[in-house]
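Below are some points on this model for your review. They cover confidence, strands, a helix and charged pairs.

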Amino acid sequence: MSDTAEIKANPMETQSALPPEETERLTTEIIAGLKTVFDPEIPADIYELGLIYKVEIKDDRSVDVQMTLTTPNCPAAGELPTMVENAVASVPGVGVVDVKVVWEPPWSPERMSDEARLVLNMW
C-alpha cells in the first residue's frame, strides 16, 4: 500500500500504513521542499509551474515523484530532476527518492497556479 499525493488537484490521498498525521506532515514538507526548486530560466518554482505531476509516499517512506519539464529541449533538463530529488530527500523522515521525468500529459501554461501566473505576469 502507498499514499499518493496528486499534487495539482488533491495534495493527499490517505491509504497508508503510516499514521495520517505523519503522512500529512511529510506531504506538507515535501511540497515546501518542491517550492524551493526553481527552473533557472523562469522566476517561479516548479510546483507552482505545475511541473510536478505526482508524488507517492510509500509505507517504507520512500518517495516516487513524477515530473515534467516545460519542453523536452529545456536547458535545465539535466539538473532539475536532481534538484527535485535533493529537495524531497531533505525532508526529515523521507527514505529513498526516485524522480522520473514524464512527457504525458504534455505540460502547458494551464497547469500553472495563479501564483505562478502572477509572478510571470500571465493574466
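1. Two strands pair if DSSP finds at least two bridges between them. On that basis strand 3 (residues 63-67) and strand 4 (residues 97-101) pair in the parallel sense over 5 bridges. Within this pairing, V65 stands opposite V99 in strand 4.

2. The model is predicted, and its confidence should be read before its details. The average pLDDT of the protein is 86, and 86% of the residues score at least 70. Residues 1-14 are a weak stretch: pLDDT stays under 50 there, although the model has 48 contacts beyond four places in sequence for them. Where pLDDT is low, the predicted coordinates should not be read in detail.

3. Strand 3 also has a partner in strand 2 (residues 52-58), to which 5 bridges join it in an antiparallel arrangement. I52 stands opposite M67 of strand 3. The two strands form a hairpin with 4 residues between them. In the turn, R61 has a positive phi of about 75°.

4. Which residues of strand 3 make up its covered face, and which the uncovered one? V63, V65 and M67 form the covered face, whereas D64 and Q66 form the uncovered one. In a regular strand the side chains alternate between the two faces of the sheet.

5. The geometry of helix 1 (residues 20-34) can be checked against its length. At 1.5 Å a residue, its 15 residues should span 21 Å, and the end C-alpha atoms are 21 Å apart, so the two values agree.

6. Helix 1 has a set of buried residues: E22, T23, L26, T27, I30, I31, G33 and L34. Because they cover an arc of only 160° around the axis, they sit on the same side of helix 1.

7. How many salt bridges does a search of the whole structure find? The search finds 6. Side chains of opposite charge can pair when their charged atoms come close. Some of these bridges form a network linking E22, R25, E29 and R61. One member of the network, E22, is among the buried residues of helix 1, while another, R61, is in the hairpin turn between strand 2 and strand 3.

8. Within helix 1, the side chains of E29 and R25 meet in a salt bridge, N to O, at 3.0 Å. These residues are 4 apart, about one turn of the helix. E29 counts as partly exposed because its relative accessibility is 29%. R25 is likewise partly exposed, with a relative accessible area of 26%.

9. E48 and K35 also meet through their side chains in a salt bridge, at 2.5 Å from N to O. This pair links distant parts of the chain, with E48 in helix 2 (residues 46-49) and K35 in the loop between helix 1 and helix 2, 13 residues apart. Is E48 buried or exposed? Its relative accessibility is 7%, so E48 counts as buried. K35 is partly exposed, at a relative accessible area of 28%.

10. A further salt bridge joins K100 to D98, with the closest N and O atoms 2.6 Å apart. K100 counts as partly exposed because its relative accessibility is 46%. D98 is partly exposed too, its relative accessible area being 30%.

Definitions and conventions: Residues are numbered from 1 along each chain as its sequence is written. This is a predicted model: local features need pLDDT of at least 70, side-chain atom pairs count only at pLDDT 80 or more; totals for chains, interfaces and linings use all residues. Side-chain values use heavy atoms; hydrogens and water are left out. A salt bridge is a side-chain nitrogen of Lys or Arg within 4 Å of a carboxyl oxygen of Asp or Glu. Buried means under 20% relative accessible area, exposed over 50%, partly exposed in between (1.4 Å probe, protein chains only). pLDDT is the predictor's confidence in each residue, from 0 to 100. Contact means heavy atoms within 4.5 Å. The expected span of a helix is 1.5 Å times one less than its number of residues. The arc is that of the directions from the helix axis to the C-beta atoms.
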